[in-house]
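User: Could you walk me through how to read a few features of this structure? I would like the general idea each time, and then the case at hand.

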Amino acid sequence: MRQESLGSKAFDAVNIAVMLFIFIVVSYPILHIIATSLSGARYISSGSVTVWPKGFNLSAYTTVFQDPYIFKGYLNSIIYAVGSTGIMLFFTALMAYPLTIPGFAGKKFLTVFLMITMFFGGGLIPTYLLMRSLNLLDTVWVMILPGAVGAYNVFLFRTFFLNIPSELKDSAYIDGANDLVVLFKIVLPLSKALLATFALFGLVGSWNSWFEALIYLRDQDKYPLQMVLRNYLFTLDTTAIQGRVGAGGSVAINAPGDALDPKAVRMSVIIITMFPIMCIYPFFQKHFTRGILIGSIKG
């Protein structure tokens with residue numbers, strides 16, 4: 001059994017120390033947010049809350065869950081995230097697969113066209129005018145359709161597909177399969193790592209997006225959860241928070257003592273917003289590295 005050298009042990013020790021430092025730096029804000037959301041008002045206002053709750057209090061979560069826009073925002077975000085990610089994976093695969101076929105006549109034109117879109121964009125105002133001309137403003141589709149196909153994604157999909165052995169596709173063609181059958185029965189089942197990776201990218205990107213909703217949506221019933229969070233963080237004071245949960249709310253916002261603190265409400269909304277992504281990420285993580293590396297080797 002080979003013994004590690006002194007330099008190798010020192011390198012491992014430095015790596016462990018650096019990783020621990022990064023873990024502490026990343027974990028502290030999250031623990032502080034959780035502790036603040038569960039602490040009493042007098043401890044929050046005095047600034048004595050660090051990473052452990054003081055004066056344990058669930059009033060912030062009780063207040064937030066009385067707000068109907070929280071549940072509407074959750075539902076809207078799920079619809080936008082799942083819908084936009086599913087459409088992105090479907091149409092990106094349809095766009096990328098023809099670029100792997102040697103005899104495809106439009107391959108050069110499409111490659112150049114896609115590369116141009118990677119360097120030049122229309123900008124915010126032309127995009128807004130386009131959405132308006134398509135009658136997509138203030139609709140669910142304006143949050144789902146614009147990101148259906150991206151040039152960067154198409155090229156990564158194409159590169160991944162090129163790594164699939166051509167013998168599998170040739171044997172399918174000999175058996176009478178057409179291009180759609182080859183794509184959906186052979187290519188995509190062998191691309192689970194790639195699909196899982198971009199599904200994670202799509203879900204997280206859509207879940208965290210709020211700017212598109214700010215520009216394109218006017219109806220608050222269509223707001224995603226991030227817009228609800230934005231309202232809590234930047235535009236709502238104590239009175240406004242009380243108004244959102246209704247006059248008959250069971251939580252006394254302005255009660256003395258440790259009933260509630262507006263900062264605790266804001267922190268609780270942040271935790272509620274983060275929770276779904278923190279739950280789904282571990283299920284996709286094992287595909288993450290493999291999907292990106294394989295899709296970037298050849299091309």
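User: Where do the residues nearest the centre of the largest pocket come from, and how many residues line this pocket?

Analyst: Happily, and please keep in mind that this is a predicted model. To read a pocket, start with its space, then go through its lining. Here the largest pocket holds about 720 Å³ of space. Its lining has 25 residues, and S84, I144, P146, G147 and E212 are the ones nearest the centre. Two or more lining residues come from each of α4 (68-96), α6 (124-133), α7 (151-162), α10 (192-208) and α11 (211-216).

User: Which helix gives the largest share of that lining, and how do its residues divide into nonpolar, polar and charged?

Analyst: Helix α10 gives the largest share, with 5 residues. By character, the lining of the largest pocket has 14 nonpolar residues, 10 polar ones and 1 charged one.

User: Let's stay with α10. Is W207 in that helix buried or exposed?

Analyst: For burial, look at the relative accessible area: under 20% counts as buried. W207, found in helix α10, has a relative accessible area of 6%, so this tryptophan is buried. L194 also belongs to α10, and its relative accessibility of 1% makes L194 buried as well.

User: What is W207 in contact with, beyond its neighbours within four places in sequence?

Analyst: Contacts of this kind show which parts of the chain meet. For W207, the partners beyond four places in sequence are Y74, S77, I78, A81, L225, Q226, T273, P276 and I277. C-alpha separations can be read alongside them: W207 and N76 are 131 residues apart along the chain, yet their C-alpha atoms are separated by 9.8 Å. For L194 and F157, 37 residues apart along the chain, the C-alpha separation is 7.6 Å.

User: You mentioned N76. Which helix holds N76, and what is in contact with it?

Analyst: N76 is in helix α4. Its relative accessible area is 11%, so N76 is buried. Setting aside neighbours within four places in sequence, N76 is in contact with D221, K222, Y223 and P224.

User: One last feature: how many residues does helix α1 have, and where does α1 kink?

Analyst: For a helix, compare its end-to-end reach with the expected one, then look for bends. Helix α1 spans residues 6-37, which is 32 residues, and reaches 47 Å between its first and last C-alpha, close to the expected 46 Å. There is a kink of about 30° at S27, shortly before the proline P29. S27 is also one of the buried residues in α1, along with I33, A35, T36 and S37.

How values were computed:
Residues are numbered from 1 along each chain as its sequence is written. This is a predicted model: local features need pLDDT of at least 70, side-chain atom pairs count only at pLDDT 80 or more; totals for chains, interfaces and linings use all residues. Side-chain values use heavy atoms; hydrogens and water are left out. On a 1 Å grid over the protein atoms alone, a cavity is a set of points where a 1.4 Å probe fits but cannot get out, and a pocket is an open set with protein on both sides within 12 Å along at least five of seven lines; lining residues have an atom within 4 Å of a point. Grid points are joined across faces, edges and corners, and a volume is the space filled by probe spheres set on the points. Helices (H or I, at least four residues) and strands (E, at least two) are DSSP runs, numbered from the N terminus. Ala, Val, Leu, Ile, Met, Phe, Trp, Tyr, Cys and Pro count as nonpolar, Asp, Glu, Lys and Arg as charged, and the others, Gly among them, as polar. Buried means under 20% relative accessible area, exposed over 50%, partly exposed in between (1.4 Å probe, protein chains only). Contact means heavy atoms within 4.5 Å. The expected span of a helix is 1.5 Å times one less than its number of residues. The bend at a residue is the angle between axes fitted to the seven residues ending there and the seven starting there.
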